[in-house]
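Biologist: Could you take a close look at one part of this model for me? I'd like to hear how one helix sits, told as one connected story.

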Amino acid sequence: MEVARGDLTRHDDVRSSIADVDAVVHLAAILPPAAERNPALTRRVNVDGTRALTDAVEARAPHTRFVFSSSVSVYGDTSAEEHRGPGIGIDHPLAPDDVYARSKAESELVVRESRTDWVVLRISGVAVPVFQEPPAAWPFLADQRIQFVHRDDAVAAISAAVSVKSARHQIFNVAGGPTWRMKGRDYVGDYLRIVGLEQADAAYQSAPGHFDWYDTGPSQLTLGYQCTPYETYLAQIGAEVQRLMNA
């Protein structure tokens, strides 16, 4: 494998990176909270960088699969909605309400209007099975609906999007599946119990985060990525904590 370092905002770097590639997976972005602190840089990287990349693919590799990593944040605050059935679907109106979410929504439009073999993945919060210090405030409300996706399953979705022909020109929600549907307090309680802390000590942010339950039926049918149930994630966290205690 060859690694080529470059700057997404430099067109020469972008164009040279496209030569002789089999697929493009676009993951680069300025993320929160940095995105909110520097809106100009966020736009230059997230939106203008995406346009530079699609332009380069159109010019140099028009038949190459282009997978764009978007975010469920493009739906905005959906916490007050009552969901019956599978949850937020890709046809839900977009209502991005911060700098990062707006940059992702605009970048999606850039990708969808391009003449590339594109796939858009709206990825939910990614749960990584390692020990992490609990945040000062969890990024959702205690009673908010949340549905994370395991890190390995997110990677599997991206990988499948590269190779599955029927994914062409499709938008997919990527989240963990039925076992990952819960309320914020459930997730926090499970995590704190495993790491030996009291749930009463948990603090949540004062406004809803960009989390909800999502319709992942179409994405699972096409990409087949949901391989890690929530219970497996908890077991992995428990094993990691035990390993650290025995080290």
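Modeller: Sure. A word on terms before we start: a residue is called buried when its relative accessible area is under 20%, and exposed when that area is over 50%. Keep in mind, too, that this is a predicted model.

The part I'd pick is helix 5, which runs over residues 151-163. Its 13 residues reach 19 Å from the first C-alpha to the last, close to the 18 Å expected at 1.5 Å a residue. So which of its residues are buried? They are D153, A154, A157, I158, A160 and A161. Look down the axis of helix 5 and those buried residues fall within an arc of 165°, so they line one face of the helix. On the other side of helix 5, you'll find V155 and S163 exposed.

Now zoom in on I158, which belongs to helix 5. Why does I158 count as buried? Its relative accessibility is 17%, and the cut-off for buried is under 20%. As for what I158 touches, set aside its neighbours within four places in sequence, and its contacts are V25, L27, L121 and I123. V119 is another residue to look at here: it lies 39 residues from I158 along the chain, and the two C-alpha atoms are separated by 9.5 Å.

To put helix 5 together again: the buried face includes I158 and A161, while V155 and S163 are exposed on the other side.

Key
Residues are numbered from 1 along each chain as its sequence is written. This is a predicted model: local features need pLDDT of at least 70, side-chain atom pairs count only at pLDDT 80 or more; totals for chains, interfaces and linings use all residues. Side-chain values use heavy atoms; hydrogens and water are left out. Helices (H or I, at least four residues) and strands (E, at least two) are DSSP runs, numbered from the N terminus. The expected span of a helix is 1.5 Å times one less than its number of residues. Buried means under 20% relative accessible area, exposed over 50%, partly exposed in between (1.4 Å probe, protein chains only). The arc is that of the directions from the helix axis to the C-beta atoms. Contact means heavy atoms within 4.5 Å.
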